[in-house]
Amino acid sequence: ILEFSKKEAGKLDKENIQFNLQQYRGEIVESVALRAESNTTQLILDSTHVCTSEIVSAPNRLRKNLNKFIAKAVKFTHNGQLL
């Protein structure tokens, strides 16, 4: 909601940085792996259908959103798998 408000006000900072998506995703998954393990949840990163490795985007915003998304999935998954 805050990002929509910033966008409407023209105050949303856009960053366009080239980075390796597969490496970046791996780092994000590693940061959540201990929490998943404590829930006896198996966290699987499947990159078989990823066509490109280098992208230009906002890595900090991507990290923030993926961390939140994966952390919520880990929080509510016990004795299972997240793929």
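How do the residues of the lining of the largest pocket divide into nonpolar, polar and charged? I will come to that in a moment, after a word on the basis. This is a predicted model, in which local features need pLDDT of at least 70 and side-chain atom pairs count only at pLDDT 80 or more, while totals for chains, interfaces and linings use all residues. Residues are numbered from 1 along each chain as its sequence is written, and side-chain values use heavy atoms, with hydrogens and water left out.

The protein chain has three helices and four strands, where helices (H or I, at least four residues) and strands (E, at least two) are DSSP runs numbered from the N terminus. Along the sequence they follow the pattern α-β-α-β-β-α-β.

Now to the pocket, by which I mean an open set of points on a 1 Å grid over the protein atoms alone, where a 1.4 Å probe fits, with protein on both sides within 12 Å along at least five of seven lines; lining residues have an atom within 4 Å of a point. The largest pocket has a volume of about 270 Å³, volume being the space filled by probe spheres set on the points, which are joined across faces, edges and corners. It is lined by 13 residues, of which Val-29, Ile-44, Leu-45, Ile-70 and Leu-83 are the closest to its centre. To answer the opening question, eleven are nonpolar, none is polar and two are charged, counting Ala, Val, Leu, Ile, Met, Phe, Trp, Tyr, Cys and Pro as nonpolar, Asp, Glu, Lys and Arg as charged, and the others, Gly among them, as polar. Helix 2 (21-38) and helix 3 (59-75) each supply at least two lining residues, and helix 3 gives the most, with four.

Let me turn to the largest nonpolar core, a set of buried Ala, Val, Leu, Ile, Met, Phe, Trp, Tyr and Cys residues joined through side-chain atoms within 4.5 Å. This core has nine residues, including Phe-19, Tyr-24, Ile-70 and Leu-82, and helix 2 gives the most to it, with five. Tyr-24 also touches Pro-59, Asn-60, Leu-62 and Arg-63, residues up to four places away in sequence not being counted, and contact here means heavy atoms within 4.5 Å.

Finally, Gln-22 lies in helix 2. Why is Gln-22 called partly exposed? Because its relative accessible area is 32%, and the class lies between buried (under 20%) and exposed (over 50%), with a 1.4 Å probe and protein chains only.
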